[in-house]
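Welcome! Please take a moment to look over the sequence and the 3D view, and then let us walk through them together.

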Amino acid sequence: MKYQYEPLGDEYQFQTFLKDLFNSIYKTNSFEEYGSRGHTQFGVDIYSPELKIAVQAKKKDINRAKKILLRELTSDLTSTTKLIEKFPHDINCVYFATTTSKFIEIQDACISYSLSKGRKIKFFSWPDIQEEISKFPSVRNKYFPALKENNLIDDNISSEIKDRLAHLEKLLLAQNATVLSKKKEYRNIPSCEILLPPVDLEAQKLLMVFILKTAAYQSFADVQYRKFICLLNFSHSFTQFSDGNSGPGFSIISGEVIFLGNCTRLVKMLQNNGEKFWHLFEQFQEDSAYNKINFRMELIPTEGLISYEFEIDGQTRFYNLRNVEPGPLDYEKLDSLNAVLPFIASTTKGAIHLIDLDKIKNYPAFTKFIYSSILEDAFKPSHLKVNINDFDDWDYYYPTPVAD
């Protein structure tokens, strides 16, 4: 099955991922991360002394205008080609690897440089990278654990899936034909990543609880009561380190925007300014109001996508984070994001087979989500959108099938 892989959200993880991918592509273990931030890298992030191949990794926020991305990539490429001239080791080929789509302007610039300098430089865009990922299951499973191989190979089951996809395509076409003239404005669902350093289990728990409790306290200190649903995508190897080790971590998808922003700020502080982070930690240990908050967090039971509920009670000073077990699907609330998040977290082909397709014909977002899930056996957070004027009003951006 062919998947569309989402670009990795963290620049360090993207760099480590490329190291593993290139080792797989060239059947070697000679690719290694070269230096680190703060060191002189001469435009090289990954290098193989054996093959004399260098990689420059440019993780980009792709949710921006094409002209902005193109301008940044052009500047990055110019800088890279100048810096690699001073690299102290031989280079036969340079991969300019990015999380963006393929830009012919960058491709042409790479070709021109290769012809004029006699050193090959190749634009390695995300579509190019995706083609390679599918060839190496070990890399795919390590960095994209939510994408599982489809084991439903029985002819009868395959036939059932085809029938349901055909049914859904008809629904999508009918829904598309009756779209109301009033347009809504949607944006990407908010999310953040809780990346933990390679420390022992007790220290990991301490850091996790501190980040979540502190972010909740900063966001809701003056709130009487608040409750919201989010998705946690957990993995024991969520964080990849340059020495080959890995650590647990998770992304929080949806939830409350200010809270997620505070989580992200704390994580970045831990990664980039440990002294400031631990100073803040000590400050909160002496904060009487903070210490009166009782933070209860249920342990994450398994890897993968899980639905959780945050309950913030400012009157009793109890902050709870608990797992939400999906109940029967309420077909009257399929246009409510919070109502369907527990179902999204539990999505498998088995669960999808229980959906009564005739009851979702009035809900385009849910129809597109089900169609995508059956077709690709994966949930893509980047396709999940929310109405800027109503957080609970959602859409799932997926190409509508075209009628024959």
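We begin with the whole chain and then visit a helix, a pair of helices and a single residue.

Keep in mind as you look that this is a predicted model. The protein chain has 404 residues, and 48% of them count as buried. Its secondary structure comes to 13 helices and 14 strands. How do the contacts spread along the sequence? Taking the contacts in the protein chain with a separation of 6 or more, 71% of them are between residues 24 or more positions apart.

Our next stop is helix H4, which covers residues 126-133. This helix is mostly covered, with six of its eight residues buried. If you would like to find the buried ones, look for Trp126, Asp128, Ile129, Gln130, Glu132 and Ile133. What do they pack against? Their partners are two helices, H1 and H5 (137-143), together with two strands, E4 (93-98) and E5 (120-124).

Now let us move along the chain to a pair of helices. Two packed helices are described by the angle between their axes and the distance between the axes. For helix H7 (residues 201-220) and helix H8 (residues 257-272), the angle is about 135 degrees and the axes lie 8 Å apart. Are these two helices parallel, antiparallel, perpendicular or oblique to each other? Angles over 145 degrees would count as roughly antiparallel and those from 65 to 115 as roughly perpendicular, so H7 and H8, at about 135 degrees, are oblique to each other. Their crossing is right-handed. On the H7 side, the contact is made by Leu207, Ile211, Leu212, Thr214, Ala215, Ala216, Gln218, Ser219 and Phe220, while H8 brings Ile258, Phe259, Asn262, Cys263, Arg265, Leu266, Val267 and Leu270. Sorted by character, the residues of this contact divide into 12 nonpolar, four polar and one charged.

Finally, let us zoom in on one residue, Thr28, in the loop between helix H1 (11-25) and strand E1 (32-33). Is Thr28 buried or exposed? Its relative accessible area is 14%, and buried means under 20%, so Thr28 is buried. The side chain of Thr28 makes a polar contact with the side chain of Ser30, at 2.9 Å. A further polar contact, at 3.4 Å, joins the side chain of Thr28 to that of Glu50. Glu50 also appears among the residues in contact with Thr28 once neighbours within four places in sequence are left aside, along with Asn23 and Leu51.

Notes:
Residues numbered from 1 in each chain as written. Predicted model: local features only at pLDDT ≥ 70, side-chain atom pairs only at ≥ 80, totals over all residues. Heavy atoms only, no water. Helix = DSSP H or I, 4+ residues; strand = E, 2+ residues; numbered from the N terminus. Buried < 20%, exposed > 50% of the residue type's maximum accessible area, 1.4 Å probe, protein only. Polar contact = N/O pair within 3.5 Å; in protein donor to acceptor, adjacent residues only side chain to side chain. Contact = heavy atoms within 4.5 Å. Axes fitted to C-alpha atoms, helices over the stretch in contact; angles between N-to-C directions. Parallel < 35°, antiparallel > 145°, perpendicular 65-115°, else oblique. Left-handed = near helix turned anticlockwise from the far one by under 90°. Nonpolar A, V, L, I, M, F, W, Y, C, P; charged D, E, K, R; others polar.
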